[in-house]
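Want to see how labels like "buried" or "helix" get decided? Take a look at this one first.

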Amino acid sequence: MKILLADIVGKDRKFSYLESLDSLLSDFTLKSPVEAVLLARQKSEESYVLSGTVKASVTVGCDRCGKIIPLPVNREFQYVLHIGQQPERNAEYQCNDEDCEALYLNEAAIECEAIVEEQLLLAIPVQRLCDESCKGLCKECGINLNEKKCQCGEFNSNSPFAILKKLQ
Ligand SMILES: [Zn+2]
Ligand SMILES: [Zn+2]
């Protein structure tokens with residue numbers, strides 16, 4: 001969806017819609033379209049505020065054992081939008097602080113898909129574990145160590161068990 005800045009001049013506008021993000025390239029699965037609620041208002045002649053929430057139902061694989069874990073996303077965000085080129089650096093986004101980011105628009109319109117996608121990506125944690133104490137998979141035999149034990153460690157020459165065996 002695209003919001004034309006001309007449509008929000010002098011008034012607050014609220015948009016609720018579903019964003020399917022078909023082109024999303026990432027290592028998690030979107031179980032349903034993202035629910036986006038966007039609130040746009042004019043701040044000054046040359047700047048606008050876009051705030052809102054993105055809600056989504058996502059699944060990710062555990063970093064250690066690969067188990068699929070559900071991850072509900074419910075993230076609030078706020079951008080201050082400026083029209084024109086970002087001063088100095090060329091990047092599209094510039095972070096001022098965590099809650100409020102400045103976004104520079106090349107045209108008098110807001111591309112909502114990019115913003116919803118950005119917020120969804122920010123909501124996914126870097127470390128994804130099924131459990132803090134997940135033991136992961138054995139590097140030797142690939143067994144899920146949360147479910148079963150294997151003997152691999154005992155034959156590994158670096159393990160204390162192997163050293164004990166040599167001493168016996
Ligand atoms: Zn795990
Ligand atoms: Zn093993």
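Here are some questions and answers about how the labels were reached.

This is a predicted model, where local features need pLDDT of at least 70, side-chain atom pairs count only at pLDDT 80 or more, and totals for chains, interfaces and linings use all residues. Residues are numbered from 1 along each chain as its sequence is written, with chains lettered from A and ligands numbered from 1 in the order in which they are written.

Q: Why is Pro70 called exposed?
A: Exposed means 12 or fewer other C-beta atoms (placed from the backbone) within 10 Å of a residue's own, buried means 20 or more, and partly exposed is in between. Pro70 has 10 such neighbours, so it counts as exposed.

Q: How do you know that the length of helix α1 agrees with its number of residues?
A: Helices are DSSP runs of H or I with at least four residues, strands are runs of E with at least two, and both are numbered from the N terminus. The expected span is 1.5 Å times one less than the number of residues. For the 12 residues of α1 (112-123) that gives 16 Å, and the end C-alpha atoms are 17 Å apart, which agrees.

Q: Which residues of α1 are buried?
A: They are Ile115, Val116, Gln119 and Leu120.

Q: What makes the buried residues of α1 line one face?
A: The arc is taken from the directions from the helix axis to the C-beta atoms. Down the axis of α1, the buried residues fall within 135°, so they line one face. The face turned away from that side carries the exposed residues Ala114 and Leu121.
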